[in-house]
Amino acid sequence: MAKAIVVTSGKGGVGKTTTTANLGTGLAQLGHKVCLVDADIGLRNLDVVLGLENRIVFDLVDVVEGNCRVRQALIKDKRFNNLFLLPAAQTREKDAVAPEQMRELIKQLKEEFDFILVDCPAGIEQGFRNAISGADDALIVTTPEVSAVRDADRIIGLLEAAEIYEPKLVVNRIRPDMVRKGDMMSIQDMIDILAIPLIGVVPDDEVIIISTNKGEPVVLEKKSKAGQAYRNIVRRLEGAEVPFLELEDKGVVGRLMSLLGMGNKQ
Amino acid sequence: MFDFLGRLLRGSDNSKNVAKERLRLVLIHDRSSLSPGLLDSLKEELIEVLSKYMEIDESGLEVNLDEGDDSVALVANIPVKQIKRKV
Ligand SMILES: Nc1ncnc2c1ncn2[C@@H]1O[C@H](COP(=O)(O)OP(=O)(O)OP(=O)(O)O)[C@@H](O)[C@H]1O
Ligand SMILES: [Mg+2]
């Protein structure tokens, strides 16, 4: 059974595109047929994060307007021949696509692919409505900040109204050191507030910026913690039960120290 | 060490708890205004329940969220016409 999953957040810049690129690549690495759809019309980015920006000929709006067939617009990934990108149009407005057209497109893609991941634009307007139409499930990306969690809460309500129930939470850019000091909300805090199931925790990691610079998703880096975090989410999307990463790497002594408030000055 | 003692004494005023508390309050407002029909359906159900026990003046029924600085209260003003006799 093919599955269409929208990656959304409400607030901008919290990591939707990074998440989409890494989960798509990770799913493809495990042999699934994956199509990534960049629904951020006018601000296309997924191509760059995947390092595919030089191969684009047609885009999503071309497909919807009938200028080309879906197959012609799909760009094959450099690394995996079972991973494809349907890029967003860069020079068009969000209203160049209607929800009904998106639903039709996703339906068509589901005949070809196992997983369709839709990278949603920030906001709750037309672009959001387009991106969620046709989706079976949703991932909500948030960072441990008041504004991001607040927007996530609003998105959960809007998804429910669109009959997309029980979205899964991805907490991005967590800083275990700050959580320990009591200067950042913990994972549990966010689960308590949003009351949706957690599917992954991705640390704040400069490796992500480096890998984005190169157009090579960090999920492929065996030794990276962020990469491991994405690989775990991929396994959970497959339905496996994977324990959550221990992001605190200070060891028992370090944790005891910080418990006593003494480990903060290094 | 003073830092450590201060931390123990202060306990809950680190920025994470401030964030949580602010979120809690802002979400009460956000969630209550999410659907405009919410108060209406609440009113309808209130009338239904209350009518089991008393006769109320439906036209005079008022239900509102009273928003203070750091609290939110549900305030209802419900004119009663007649209380039902105990059986
Ligand atoms: N876990 C992380 N650690 C470090 N940097 C990160 C992490 N996740 C994302 N970033 C960086 O944050 C920036 C925003 O990420 P991204 O583009 O994925 O967000 P977005 O939600 O898609 O943004 P937009 O709303 O603009 O579409 C990027 O520069 C990305 O490299
Ligand atoms: Mg993006």
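**Exercise 1. Which residues come nearest to ligand 1 in this predicted model, and which atoms of A:Val14, A:Arg173 and A:Pro203 lie close to ligand atoms?**

*Solution.* Let's start with the surroundings.
- Step 1: There are 18 residues around ligand 1, and those that come nearest are A:Gly13, A:Lys16, A:Thr17, A:Thr18 and A:Asn172.
- Step 2: Now look at oxygen atoms of the ligand. One is 3.2 Å from a backbone N or O atom of A:Val14. For A:Arg173, a polar side-chain atom lies 3.2 Å from an oxygen atom of ligand 1.
- Step 3: Turn to nitrogen. A polar backbone atom of A:Pro203 is 2.9 Å from a nitrogen atom of ligand 1.

**Exercise 2. How do α1(A) and α11(A) pack, and which residues meet?**

*Solution.* Take the geometry, then the side chains.
- Step 1: Helix α1 (residues 16–29) and helix α11 (residues 225–237), both of chain A, have axes 9 Å apart and an angle of about 65°.
- Step 2: Angles of 65 to 115 degrees count as roughly perpendicular, so α1(A) and α11(A) belong in that class.
- Step 3: The crossing is right-handed.
- Step 4: From α1(A), A:Thr18, A:Thr19, A:Asn22, A:Leu23, A:Gly26 and A:Leu27 meet A:Tyr230, A:Ile233, A:Val234 and A:Leu237 of α11(A). This contact has six nonpolar, four polar and no charged residues.

**Exercise 3. At what angle do α9(A) and α2(B) pack, and which residues make the contact?**

*Solution.* Here we cross between chains.
- Step 1: Helix α9 (residues 187–194) of chain A packs at about 15° to helix α2 (residues 15–32) of chain B, with axes 11 Å apart.
- Step 2: The two helices are therefore roughly parallel, and their crossing is right-handed.
- Step 3: A:Asp189, A:Ile193 and A:Leu194 contact B:Lys16, B:Lys20, B:Leu23, B:Leu27 and B:Arg31. By class, four are nonpolar, none polar and four charged.

Notes. Residues numbered from 1 in each chain as written. Chains lettered and ligands numbered in written order. Predicted model: local features only at pLDDT ≥ 70, side-chain atom pairs only at ≥ 80, totals over all residues. Heavy atoms only, no water. Axes fitted to C-alpha atoms, helices over the stretch in contact; angles between N-to-C directions. Helix = DSSP H or I, 4+ residues; strand = E, 2+ residues; numbered from the N terminus. Parallel < 35°, antiparallel > 145°, perpendicular 65-115°, else oblique. Left-handed = near helix turned anticlockwise from the far one by under 90°. Contact = heavy atoms within 4.5 Å. Nonpolar A, V, L, I, M, F, W, Y, C, P; charged D, E, K, R; others polar. Near = heavy atom within 4 Å. Polar contact = N/O pair within 3.5 Å; in protein donor to acceptor, adjacent residues only side chain to side chain.
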